[in-house]
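Open the model in your viewer and keep the sequence panel beside it. The stops below say what to select next and what is there.

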Amino acid sequence: QVQLVESGGGLMQPGGSLRLSCAASGSIFSIYSMGWYRQAPGKERELVAIITSGGSTNYADSVKGRFTISRDNAKNTVYLQTNRLKPDDTAVYYCNATDPSNRHYLFDSWGQGTQVTVSS
């Protein structure tokens, strides 16, 4: 089982940027498609971005054009660059291996997440 550790969150004003990181343990990281998820208070967890093992990406409509997912297989790390942040982006952000065919997460064990708060 891969262990996941998210970092990089914080408090930002609307329009700001943050770069989130997710470090994964295990030598088989590179074979997985990886997704970034977020969960806002009172809402269900949602998938916002996915990157395949080959580097193809896909985004939720709510973040398209503002967020960019990338990965560094040598570092077992996946990133989420968040730009032009909005108050609606406020949530705890998580990463997980993800099946690109059904967009469902693969590991039942989640990391602790990283809090992103967008407020003036």
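Begin with the hairpin of strand 5 and strand 6, which has five residues between the strands; select Gly55, whose phi is positive, near 100°. Strands here are DSSP runs of E with at least two residues, numbered from the N terminus. This is a predicted model, in which local features need pLDDT of at least 70 and side-chain atom pairs count only at pLDDT 80 or more, while totals for chains, interfaces and linings use all residues. Residues are numbered from 1 along each chain as its sequence is written, and side-chain values use heavy atoms, with hydrogens and water left out.

**Strands 4, 5 and 6**

Select residues 57-59, which are strand 6. Strand 6 pairs with strand 5 in the antiparallel sense over three bridges; two strands pair if DSSP finds at least two bridges between them. Asn58 is the bridge partner of Ile50.

Next, select residues 46-51, strand 5. Five of its six residues are buried, so strand 5 is largely enclosed by the rest of the structure. Buried means under 20% relative accessible area, exposed over 50%, and partly exposed in between, with a 1.4 Å probe and protein chains only.

Now add residues 34-39, strand 4, which is joined to strand 5 by five bridges in the antiparallel sense. Met34 has Ile51 as its bridge partner. Six residues lie between the strands in this hairpin of strand 4 and strand 5, and Gly42 there takes a positive phi near 75°.

**The open sheet**

Show strands 1, 3, 8 and 7. These four strands form an open sheet in the order 1-3-8-7, with antiparallel pairing. Which strands stand at the edges? Strand 1 (4-7) and strand 7 (67-72) do; each has a single partner strand, so one side of each is left without a neighbour in the sheet. Neighbouring strands of this sheet are turned by 15° against each other on average, direction ignored; the axes are lines fitted to C-alpha atoms, and angles run from 0 to 180 degrees between N-to-C directions.

Within the sheet, select residues 18-24 and 77-82, which are strand 3 and strand 8; six bridges join them. Cys22 stands opposite Val78 in strand 8.

**The disulfide**

Stay on Cys22 and add Cys95: the two form a disulfide, with their sulfur atoms 1.7 Å apart. A disulfide is a pair of cysteine sulfur atoms within 2.5 Å, and the structure holds one. Cys22 lies in strand 3 and Cys95 in strand 9 (residues 91-99), so the pair ties together parts that are 73 residues apart in sequence. The link is right-handed, with 40° about the S-S bond. Both cysteines are buried.

**The nonpolar core**

A nonpolar core is a set of buried Ala, Val, Leu, Ile, Met, Phe, Trp, Tyr and Cys residues joined through side-chain atoms within 4.5 Å. The largest one has 29 residues, and Leu4, Met34, Trp36, Ile69, Val78, Leu80 and Tyr93 have the most contacts inside it. Among the strands that each supply at least two of its residues are strand 4, strand 9 and strand 11 (114-118).

Centre on Ile69. Not counting residues up to four places away in sequence, Ile69 touches ten residues' worth of neighbours listed here: Met34, Trp36, Ala49, Ile50, Ile51, Thr57, Tyr59, Val78, Tyr79 and Leu80. Contact means heavy atoms within 4.5 Å.

**Last stop: Leu85**

Select Leu85, in the loop between strand 8 and strand 9. Its relative accessibility is 3%, so Leu85 counts as buried. Leaving aside neighbours within four places in sequence, the contacts of Leu85 include Met12, Pro14, Leu18, Phe67 and Val118.
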